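Visitor: Could you walk me through this one with me? I'd like to go residue by residue where it helps.

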Amino acid sequence: MKKELLDELSKALNSPKKIVIIPHKNPDGDALGSCLALHLFLTKMGHHSQVISPNDYPQFLEWLPAQANVEKYTQNPNLCSLAIDQAE
């Protein structure tokens, strides 16, 4: 990654933001795991982060840290749409 992009990203994340992270439809372990890792990192940095899955995912992924906080769009579209609209 170019230094300019890293500097721009650092500047953008310098103050707390509302961030929504969305994996692809029918998320697998790689997609959900990377979204949750980013969510935990951003939360630790002081941002309000929310992972919204387009739909449900396999039950065997429920062991992933912070998985219980994932909203599923198909189960709660109004709440998810509001979070997306309010995201920066």
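Visitor: Is glutamine 67 buried or exposed?

Guide: Glutamine 67 is buried, with a relative accessible area of 10%, where buried means under 20%, exposed over 50% and partly exposed in between, using a 1.4 Å probe and protein chains only. This is a predicted model, in which local features need pLDDT of at least 70 and side-chain atom pairs count only at pLDDT 80 or more, while totals for chains, interfaces and linings use all residues. Residues are numbered from 1 along each chain as its sequence is written, and side-chain values use heavy atoms, with hydrogens and water left out.

Visitor: Where does glutamine 67 sit, then? And what does it touch?

Guide: Glutamine 67 is in the loop between β2 and β3, with strands (E, at least two residues) and helices (H or I, at least four) taken as DSSP runs numbered from the N terminus. Leaving aside residues up to four places away in sequence, glutamine 67 touches Leu36, Tyr57, Leu61, Glu62 and Lys72, contact meaning heavy atoms within 4.5 Å.

Visitor: What else does leucine 36 touch?

Guide: With the same sequence neighbours left out, that is, residues up to four places away, leucine 36 touches Val51, Leu64, Pro65, Ala66, Gln67 and Val70. Leu36 also belongs to the largest nonpolar core, which has 11 residues in all, among them Ile19, Ile21, Val51 and Tyr57; such a core is a set of buried Ala, Val, Leu, Ile, Met, Phe, Trp, Tyr and Cys residues joined through side-chain atoms within 4.5 Å.

Visitor: Which element gives the most to this core?

Guide: That is α2, with 4 residues.

Visitor: OK, the sheet. What is the strand order?

Guide: The sheet is open, with 3 strands in the order β1-β2-β3 and parallel pairing, where two strands pair if DSSP finds at least two bridges between them. The edge strands are β1 and β3 (71-72), each pairing on one side only. Between β1 and β2 (residues 48-53) there are 4 bridges, and isoleucine 21 stands opposite valine 51 in β2.

Visitor: How many salt bridges are there?

Guide: A search of the whole structure finds 1, a salt bridge being a side-chain nitrogen of Lys or Arg within 4 Å of a carboxyl oxygen of Asp or Glu. Lysine 3 forms it with aspartate 7, and their closest N and O atoms are 3.0 Å apart. Both residues lie in helix α1 (residues 3-12), 4 residues apart, about one turn of the helix.

Visitor: Why does lysine 3 count as exposed?

Guide: Lysine 3 counts as exposed because its relative accessibility is 54%, whereas aspartate 7 is partly exposed at 40%.
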